[in-house]
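Colleague: I have the two chains open in the viewer. Can you walk me through them?

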Amino acid sequence: MITKRIIPCLDIKNGRVVKGTNFQGLNDVSSPIELARLYSDNLADELVFYDITASFEGRQLFTDILTKVASEIFIPLTVGGGINTVDDFDRVLKCGADKVSVNSGAIKNPSLIKEAAHKYGDQCVVLSVDIKRVDGAFHVFAKGGREDTGIEAINWIKQGVANGAGEIVVNSIDTDGVKQGFDIEMLKLVCDAVNVPVIASGGAGNMQHFVDLFKQIPDIDAGLAASIFHFGEVAIPDLKRELKENNIIVRL
Amino acid sequence: MIAIVDYGVGNLFSLISSFKRIGADIVVTADPNVIEAADGIILPGVGAFEDAARKLHDTGLDKVVKAEAQKGKKLMGICLGMQMLFEKSFEYGCHEGLGLLKGNIIPMKDTIPNTLKIPHIGWNALHFTRKSDLFKYINQNDCVYFVHSFYATDCDDSVVATAEYGKELTAAVQKGNIMGCQFHPEKSGQVGLNILRAFCEME
């Protein structure tokens, strides 16, 4: 049986791992290379490596750090942040990324997913979506959660999958950083809408939140979090054991 | 010296890094002389079967790899590289493989329950059906990382491990010096590195 994945997310700014609450008020946490190695040695199933400021300031990923991480870490690595063109895909794939995550870039250039999927395969293209409730509707937000695009999220995700996105990261801005649990309502809607892997992001505050996620949405493939792992509030081996005790299949 | 065949398919970054990590002596090459001089061959590959098979054929390396394997040199195909060891693939048409192993590559679509997502992507447990030196450091149910939408079937007796995804899918094969992993050892953490190490240690 395929296992449920636990994915630490490393938000990178100026070569360091950061994590804010509701995307603001960032705190420096640690070195990306040290943290990546720690996670890889401690049962993380995958790493997501985002340059969170790239789409806002047009900054390029620090590819030397990416290359170092990818040279030392032998688990799947997804890279996002500032991915606007197929050339950006090429750049990070050459540095050792396995999958490339697009967010604002896909909003600016709707053909990006299709072009990238055609060139590198669907499995390589991850559509990352920041979603927030606006007047009872789910809206896609751009630029690191700062800008309401007015786009309806479920349709946007369906369209992304039709264009070749092989995996979806759903980040709920409403629950992000609040540590009160994943956005089950929103995630269920996404899982029902598509037949590609869906990764839940935003809201994990303790181990029970992951148990709830996988119990309440059997179709969800992975849970992603940052600060609770970075600050040592939840150790991934402990989390995996807790999930196993709850009959959720994980890699141990 | 292990030769990683470079025929213009996929990204070899992780594979090269993995072999470096275990201290293996490797060369990434498209030179037939280097492949002939090597102690072992890695045939990588991601993407579409037809494209990869054509590229391998156009470089003339298909004949080199096949001849070396038939002479008894250890050869391991990884992911699409494993699929290419077989006779035929029915990925969008029907395409000839190297024919080093008996069997064909078929789509998961319509052959596994339609409630399952395709590709089969993520960590899954290996179920060993018989012993293989390639897995001498690996335990039953150790997990490895898969990304694929097609799989080998009618493999005769070459299957050494399967992974359950709606059915038992071919995960690894070996027939003498010819081996293949459907999963990515270079993305499977310490388990994967130990598989590559075992390959390097083989005679």
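What follows is a chat about the two chains, their strands and helices, and the side where they touch.

Modeller: Before anything else, this is a predicted model.

Colleague: Fine. What does the model score for ipTM and pTM?

Modeller: The ipTM is 0.90 and the pTM is 0.92.

Colleague: And what pLDDT does chain B average?

Modeller: Chain B averages 95, and 100% of its residues score at least 70.

Colleague: Start with chain A, then. How many helices and strands does chain A have?

Modeller: Chain A has 11 helices and 12 strands. Its C-alpha trace spans about 45 × 40 × 40 Å along the principal axes.

Colleague: How does the radius of gyration of chain A sit against that of a compact globule?

Modeller: It agrees: chain A has 16 Å, and a compact globule with 252 residues would be near 18 Å. Of those 252 residues, 54% count as buried. Looking at contacts in chain A with a separation of 6 or more, 65% are between residues 24 or more positions apart.

Colleague: I keep looking at β10 in chain A. How many of the residues of that strand are buried?

Modeller: β10(A) covers residues 167–172, and 6 of the 6 are buried, so the strand is largely enclosed by the rest of the structure.

Colleague: Which residues are on each side of β10(A)?

Modeller: Glu167(A), Val169(A) and Asn171(A) are on one side, with Ile168(A), Val170(A) and Ser172(A) on the other. Both faces are covered.

Colleague: Which strands do bridges join to β10(A)?

Modeller: One of them is β7(A), residues 125–134, which runs parallel to β10(A) with 6 bridges. Val129(A) has Val170(A) as its bridge partner there. Another is β11(A), residues 198–201, also parallel, with 4 bridges. In that pairing Asn171(A) is matched with Ser201(A).

Colleague: What hand does the β-α-β unit with β10(A) and β11(A) have?

Modeller: Right-handed; the helix in the unit is α8(A), residues 184–193.

Colleague: On to chain B. How many helices and strands are there?

Modeller: Chain B has 6 helices and 14 strands. The radius of gyration is 15 Å, close to the 17 Å that the globule rule gives for 203 residues, so chain B is as compact as a globular protein of that length. The C-alpha trace of chain B spans about 45 × 35 × 30 Å along its principal axes.

Colleague: What share of chain B is buried?

Modeller: Buried residues are 50% of the 203. As for contacts in chain B between residues at least 6 apart in sequence, 68% join residues at least 24 apart.

Colleague: Which residues of helix α4 in chain B are buried?

Modeller: In α4(B), residues 61–70, the buried ones are Leu61(B), Asp62(B), Val64(B), Val65(B), Glu68(B) and Ala69(B). Down the helix axis they fall within an arc of 165°, so they line one face of α4(B).

Colleague: What do the buried residues of α4(B) pack against?

Modeller: Several elements of chain B, among them the helices α2 (32–37) and α3 (49–58) and the strands β1 (2–5) and β4 (74–78). After α4(B) comes Gly72(B), with a positive phi near 110°.

Colleague: Now the place where the chains meet. How many residues are in contact?

Modeller: 24 residues of chain B are in contact with 21 residues of chain A. On the chain B side, the elements giving two or more residues are α1 (13–21), β8 (120–125), β10 (143–148) and α6 (189–201). β8(B) gives the largest share, 5 residues.

Colleague: How are β8(B) and β10(B) joined?

Modeller: By 6 bridges, and the two strands run antiparallel. Ala125(B) is opposite Cys143(B) in β10(B).

Colleague: Is β10(B) largely enclosed or open?

Modeller: Largely enclosed, because 6 of its 6 residues are buried. Cys143(B), Tyr145(B) and Val147(B) are on one side, and Val144(B), Phe146(B) and His148(B) are on the other.

Colleague: Last one. What is the strand order in the open sheet of chain B?

Modeller: The order is β6-β5-β7-β11, 4 strands with mixed pairing. β6(B), residues 95–96, and β11(B), residues 150–153, are the edge strands. β5(B), residues 88–89, is antiparallel to β6(B), with 2 bridges between them. Ser89(B) has His95(B) as its bridge partner in β6(B).

Conventions: Residues are numbered from 1 along each chain as its sequence is written. Chains are lettered from A and ligands numbered from 1 in the order in which they are written. This is a predicted model: local features need pLDDT of at least 70, side-chain atom pairs count only at pLDDT 80 or more; totals for chains, interfaces and linings use all residues. The radius of gyration is taken over C-alpha atoms; the globule rule is 2.2 Å times the number of residues to the power 0.38. A residue is buried if 20 or more other C-beta atoms lie within 10 Å of its own, exposed if 12 or fewer, and partly exposed in between; C-beta atoms are placed from the backbone. Two residues are in contact if their C-beta atoms, placed from the backbone, lie within 7 Å. pLDDT is the predictor's confidence in each residue, from 0 to 100. Two strands pair if DSSP finds at least two bridges between them. A crossover is right-handed if, with the strands pointing away from the viewer, the path from the first strand over the helix to the second runs clockwise. The arc is that of the directions from the helix axis to the C-beta atoms.
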